[in-house]
Amino acid sequence: MAGNNDAQRELSEITGALDVLFTLREEFATWLEEAQSEERKEELDNVFRHVIAMEEEFQRRREALTKRLAGG
């Protein structure tokens, strides 16, 4: 039972992280569109891509955990 509670807590934490990453991604996308200099665009693009990679990893973790909780 404790394992299931830990997994549920982890799922909640992952969901919260995904919410934050979604917001960050949206904000960085806006800033990237508004950037004037090429240097600034490159800097923002690097951070934007990193946020996307983190979001993808957390989505992968959520899918794996959801499967584990479902018994699969």
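Which residue forms a salt bridge with Glu38? In this predicted model, the partner of Glu38 is Lys41, and the closest N and O atoms are 3.8 Å apart. Both residues belong to helix α2. They are three residues apart there, so about one helical turn separates Glu38 from Lys41. Glu38 counts as exposed because its relative accessibility is 58%, over the 50% cut-off. Lys41 has a relative accessible area of 29% and is therefore partly exposed.

A second salt bridge in α2 joins Asp45 to Arg49. Here the closest N and O atoms lie 2.8 Å apart. Asp45 and Arg49 are four residues apart in the helix, so the separation is again about one helical turn. Asp45 is partly exposed, with a relative accessible area of 21%. Arg49 counts as exposed, at 55% relative accessibility.

Helix α1 carries salt bridges too. The side chains of Glu13 and Arg9 meet in one of them, at 3.9 Å from N to O. Both residues lie in α1, four residues apart, or about one turn of the helix. At 48% relative accessibility, Arg9 falls under the 50% limit and so counts as partly exposed rather than exposed. The pairing extends to a third residue, since Asp6, Arg9 and Glu13 are linked in a network of salt bridges. In total, the model has nine salt bridges. Side chains of opposite charge can pair when their charged atoms come close.

The nonpolar side chains were examined next. The largest nonpolar core has twelve residues. They are Ala7, Leu11, Ile14, Leu18, Leu21, Phe28, Ala35, Leu44, Phe48, Val51, Phe58 and Leu65. Helices α1 (2–34) and α2 (38–69) each supply at least two residues of this core. The most comes from α1, with six residues.

Contacts of one core residue, Leu18, were then traced. Setting aside neighbours within four places in sequence, Leu18 is in contact with Glu55, Phe58, Gln59 and Arg62. Of these, Phe58 is itself a member of the core. Glu55 is a charged residue placed in helix α2. Is Glu55 buried or exposed? Glu55 counts as buried, because its relative accessibility is 8% and the cut-off is 20%. Residues up to four places away in sequence aside, Glu55 touches Leu18, Leu21, Phe22 and Arg25. Two of these contacts, Leu18 and Leu21, are to members of the core.

Aromatic side chains complete the picture. The structure holds one aromatic pair. Phe28 and Trp31 form this pair, which is edge-to-face. The ring centres are 5.0 Å apart, with 75° between the planes. Both residues lie in helix α1, three residues apart, about one turn of the helix. Phe28, a member of the core, counts as buried because its relative accessibility is 13%. Trp31 reaches 41% relative accessibility and therefore counts as partly exposed. The pair thus joins a buried ring to a partly exposed one.

Another core residue, Phe58, takes part in a contact with a charge. The charged end of Arg61 sits over the ring of Phe58, 5.0 Å from its centre. Phe58 is also among the contacts of Leu18.

Technical notes
Residues are numbered from 1 along each chain as its sequence is written. This is a predicted model: local features need pLDDT of at least 70, side-chain atom pairs count only at pLDDT 80 or more; totals for chains, interfaces and linings use all residues. Side-chain values use heavy atoms; hydrogens and water are left out. A nonpolar core is a set of buried Ala, Val, Leu, Ile, Met, Phe, Trp, Tyr and Cys residues joined through side-chain atoms within 4.5 Å. Buried means under 20% relative accessible area, exposed over 50%, partly exposed in between (1.4 Å probe, protein chains only). Contact means heavy atoms within 4.5 Å. Rings of Phe, Tyr and Trp (its six-membered ring) pair if their centres lie within 6.5 Å; planes under 30 degrees apart count as stacked, over 60 as edge-to-face and the rest as tilted. A charge sits over a ring if NZ of Lys or CZ of Arg is within 6 Å of the ring centre and within 35 degrees of the ring normal. A salt bridge is a side-chain nitrogen of Lys or Arg within 4 Å of a carboxyl oxygen of Asp or Glu.
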